[in-house]
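Let's work through some exercises together, one step at a time. Have a look at the sequence and the 3D view, then try each task before reading its solution.

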Amino acid sequence: MRLPERDRVASFDVDAQRTFTPICPDELPVAEGDTIGPELNRQAALAGYRLGSKDSHSPQAVWVTENAEKVGQPGVEGDNVEEHWPVHAVPGTEGFELVPGLPRPSDYDFFVWKGVELDMHPYGACYHDIAENMSTGVIEWLRARDVSHVLVGGLATDFCVWATARQLKEAGFEVILNRAASRGIADESIAEALDAMERAGVVFIDSCDELEQSA
Ligand code: VGL
C-alpha cells in the first residue's frame, strides 16, 4: 500500500515493554514480544512522527491478583478497571523498560504513560479511562500536525494494540496494523481482535515490505 508524504504519517509503539515479553516470565509474557523492536524501528523510519506508550502501574493497584485463575477475569468494582492482572509494568523494574532496540521515551515525539492511578487500568493509549472521556492528548497532538495515517505495532495485539487502533480509527485516522511489529497473548483473543479491527476498518500489513511512500 502507498502511504502519503512522511509528515502526514505517524508510527505508534504501543506498550512495547519488557513486561509483555519472555524477559519477564512472572509478569505478562507474550511469546516473541521481545523480537518486535527492529520492525517497530522500520515503521518509524517511514513516518514523520514517532509516538509511544507505556503501562505504568503500581504494585498496589486494585486489580492486582496473584491468583492465576483470576488473571484476565472481570470482577473489580469501578468503571476504570475491567479485569484482574498480575503485577506488571512497575516503574523502576525491568518490565517497565521498552523492548530491546527501541529509543528512550525522551527521544520520541510524543509519549503516554497510562494506568498510573491505582484504580485506573486503560488498554488503549488515547484515553486514561475505560469510558474514553479523558484524553491522553494523542488524538489532539496528531490532529494539530495534520497526520492522516498511523502505523501501529506493539504489545499486546489482543488488548492494548487493538484498543489503541480502534480509538485512532474512531477519531478519524487511517490506521495500519503492522503484524510483524506486534504480538498477542492468546490465539483466540488475537483472532477476535483481528476480526474486530477488520470490521472497524483497520488495514493490516504483514510487514513494512508492503509499504511504499509517495514523496
Ligand atoms: C495489556 C493485559 C493487561 C496490554 C496490559 O498491554 O496489552 N494486556 N495489561
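Contact means that heavy atoms lie within 4.5 Å. This is a predicted model, in which local features need pLDDT of at least 70 and side-chain atom pairs count only at pLDDT 80 or more, while totals for chains, interfaces and linings use all residues. Residues are numbered from 1 along each chain as its sequence is written, and side-chain values use heavy atoms, with hydrogens and water left out.

**Exercise 1. Find the neighbours of Ala47.**

Step 1: Locate the residue. Ala47 sits in the loop between α1 (37-45) and β3 (49-55). Here helices (H or I, at least four residues) and strands (E, at least two) are DSSP runs, numbered from the N terminus.

Step 2: List its contacts. Leaving aside residues up to four places away in sequence, Ala47 touches Arg6, Val9, Ala10 and Ser11.

Step 3: Compare sequence with space. Ala47 and Ala10 are 37 residues apart in sequence, yet their C-alpha atoms are 4.9 Å apart.

Step 4: Decide whether Ala47 is buried or exposed. Buried means under 20% relative accessible area, exposed over 50%, and partly exposed in between (1.4 Å probe, protein chains only). Ala47 has 10% relative accessibility, so it counts as buried.

**Exercise 2. Work out how many residues of helix α3 are buried, and what they pack against.**

Step 1: Count. Helix α3 covers residues 157-170, and 10 of its 14 residues are buried. Among them are Cys160, Val161, Trp162 and Leu168.

Step 2: Look around the helix. The buried residues of α3 pack against several elements, including β2 (9-14), β4 (110-114), β5 (149-155) and α4 (187-200).

Step 3: Check both ends. Before the helix, Ala156 lies in the loop between β5 and α3, and a cis peptide bond with omega of about -10 degrees joins Leu155 to Ala156. Just after α3, Gly172 has a positive phi of about 105 degrees.

**Exercise 3. Trace which parts of the chain are tied together by the salt bridges of Asp146 and Glu132.**

Step 1: Recall the idea. Side chains of opposite charge can pair when their charged atoms come close. A salt bridge is a side-chain nitrogen of Lys or Arg within 4 Å of a carboxyl oxygen of Asp or Glu. The whole structure has 12 salt bridges.

Step 2: Take the first pair. Asp146 and Arg8 form a salt bridge at 3.5 Å, N to O. Asp146 is in the loop between α2 and β5 and Arg8 in the loop between β1 (2-3) and β2, so this pair ties together parts that are 138 residues apart in sequence.

Step 3: Take the second pair. In the salt bridge between Glu132 and Arg166, the closest N and O atoms are 2.8 Å apart. Glu132 belongs to the loop between β4 and α2 and Arg166 to helix α3, so parts 34 residues apart in sequence are tied together.

Step 4: Check exposure. Arg8 is partly exposed because its relative accessibility is 29%, and Glu132 is also partly exposed, at 22%.

**Exercise 4. Pick out residues other than glycine with a positive phi.**

Step 1: Return to Asp146. Its phi is near 60 degrees, a positive value in a residue other than glycine.

Step 2: Move to Glu32. This residue, in the loop between β2 and α1, has a positive phi of about 65 degrees although it is not a glycine. Glu32 has a relative accessible area of 45%, so it is partly exposed.
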